[in-house]
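User: I would like a close look at one part of this structure, the salt bridges, set against the strands, the core and the loops around them. Please take the pieces in a connected order and keep to what the model shows.

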Amino acid sequence: QVQLVESGGGLVQAGGSLRLSCAASGTIFSINPMGWYRQAPGKQRELVASITTFGRTNYADSVKGRFTISRDNAKNTVYLQMNSLKPEDTAVYYCYGKLTADYWGQGTQVTVSS
């Protein structure tokens, strides 16, 4: 079993930055990939960014150039650095990891005010 716990969400003005963290209960080296999804009210959950064990990344077009995903396998943690935030980035952000099954965190709210 893997437990994923997100932190770092909050309220920020447009143009600001936030850094989300996802701490895993065990080693994340074998969790491949890991990533961040988000879900805004009335919308489907969508992929924001993902990263493989060896650091290959993938981003949604809407966040390219503004968000950066990274992972620290030694600390069993995945990060999402979010810069130049826009009101449309407002959503609940979920950490995701794939091992033998799919694992999800409980979500953290990100609210960007205009």
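Analyst: What follows begins with the salt bridges and then moves outward to the sheet, the core and the loops. The model is a predicted one, and every value below is computed from it.

The structure holds five salt bridges, and a useful place to start is the network of salt bridges that links Arg 38, Glu 46, Arg 66 and Asp 89. One pair in this network is Glu 46 with Arg 38, whose closest N and O atoms are 2.7 Å apart. The two partners differ in their burial: Arg 38 has a relative accessible area of 6% and is therefore buried, whereas Glu 46, at 35% relative accessibility, counts as partly exposed.

A further pair is formed by Asp 89 and Arg 66, with the closest N and O atoms 2.8 Å apart. This pair links distant parts of the chain, since Asp 89 sits in the loop between strand 8 and strand 9, Arg 66 sits in the loop between strand 6 (57–59) and strand 7, and the two are 23 residues apart. Asp 89 counts as buried because its relative accessibility is 1%, and Arg 66, at 11% relative accessibility, counts as buried as well. Arg 66 also appears in the surroundings of a core residue, Met 82, whose contacts, leaving aside neighbours within four places in sequence, are Gly 16, Ser 17, Leu 18, Leu 20, Arg 66, Phe 67, Tyr 93 and Val 110.

Another salt bridge among the five joins the side chains of Lys 98 and Asp 102, with a distance of 3.2 Å from N to O. Here Lys 98 counts as partly exposed, at 36% relative accessibility, and Asp 102 likewise counts as partly exposed, at 41%.

Turning to the strands, four of them form an open sheet in the order 1-3-8-7, with antiparallel pairing. Strand 1 (4–7) and strand 7 are the edge strands, each of which pairs on one side only, and the twist averages 15° from one strand to the next. Within this sheet, strand 3 and strand 8 pair in the antiparallel sense over six bridges, and Ser 21 has Tyr 79 in strand 8 as its bridge partner.

The core draws on these strands too. The largest nonpolar core has 30 residues, of which Trp 36, Leu 80, Met 82 and Tyr 93 touch the most other members. The elements that give two or more residues to this core are strand 3 (18–24), strand 4 (34–39), strand 5, strand 7 (67–72), strand 8 (77–82), strand 9 (91–98) and strand 11 (108–113). The largest share, four residues, comes from strand 3. Met 82 and Tyr 93, both named among the residues that touch the most other members, are also in contact with each other.

Strand 5 (residues 46–51) holds Ser 50, which counts as buried because its relative accessibility is 15%, under the 20% limit used for burial. Leaving aside its neighbours within four places in sequence, Ser 50 is in contact with Met 34, Gly 35, Arg 56, Thr 57, Asn 58 and Ile 69.

The loops carry several backbone features that deserve a separate look. Most residues other than glycine have a negative phi, and most peptide bonds are trans. Against that background, the peptide bond from Asn 32 to Pro 33 is cis, with omega near 0°, and Pro 33 is found in the loop between strand 3 and strand 4.

Asn 76, in the loop between strand 7 and strand 8, has a positive phi of about 55° although it is not a glycine. Asn 76 counts as buried because its relative accessibility is 19%, a value that lies under the limit of 20%. Ser 84 likewise has a positive phi, of about 50°, although it is not a glycine. Ser 84 lies in the loop between strand 8 and strand 9, the loop that also holds Asp 89. Yet Ser 84 counts as partly exposed, at 41% relative accessibility, whereas Asp 89 counts as buried, at 1%.

Technical notes
Residues are numbered from 1 along each chain as its sequence is written. This is a predicted model: local features need pLDDT of at least 70, side-chain atom pairs count only at pLDDT 80 or more; totals for chains, interfaces and linings use all residues. Side-chain values use heavy atoms; hydrogens and water are left out. Buried means under 20% relative accessible area, exposed over 50%, partly exposed in between (1.4 Å probe, protein chains only). Contact means heavy atoms within 4.5 Å. A nonpolar core is a set of buried Ala, Val, Leu, Ile, Met, Phe, Trp, Tyr and Cys residues joined through side-chain atoms within 4.5 Å. A salt bridge is a side-chain nitrogen of Lys or Arg within 4 Å of a carboxyl oxygen of Asp or Glu. Two strands pair if DSSP finds at least two bridges between them. Axes are lines fitted to C-alpha atoms, for helices over the stretch in contact, and angles run from 0 to 180 degrees between N-to-C directions.
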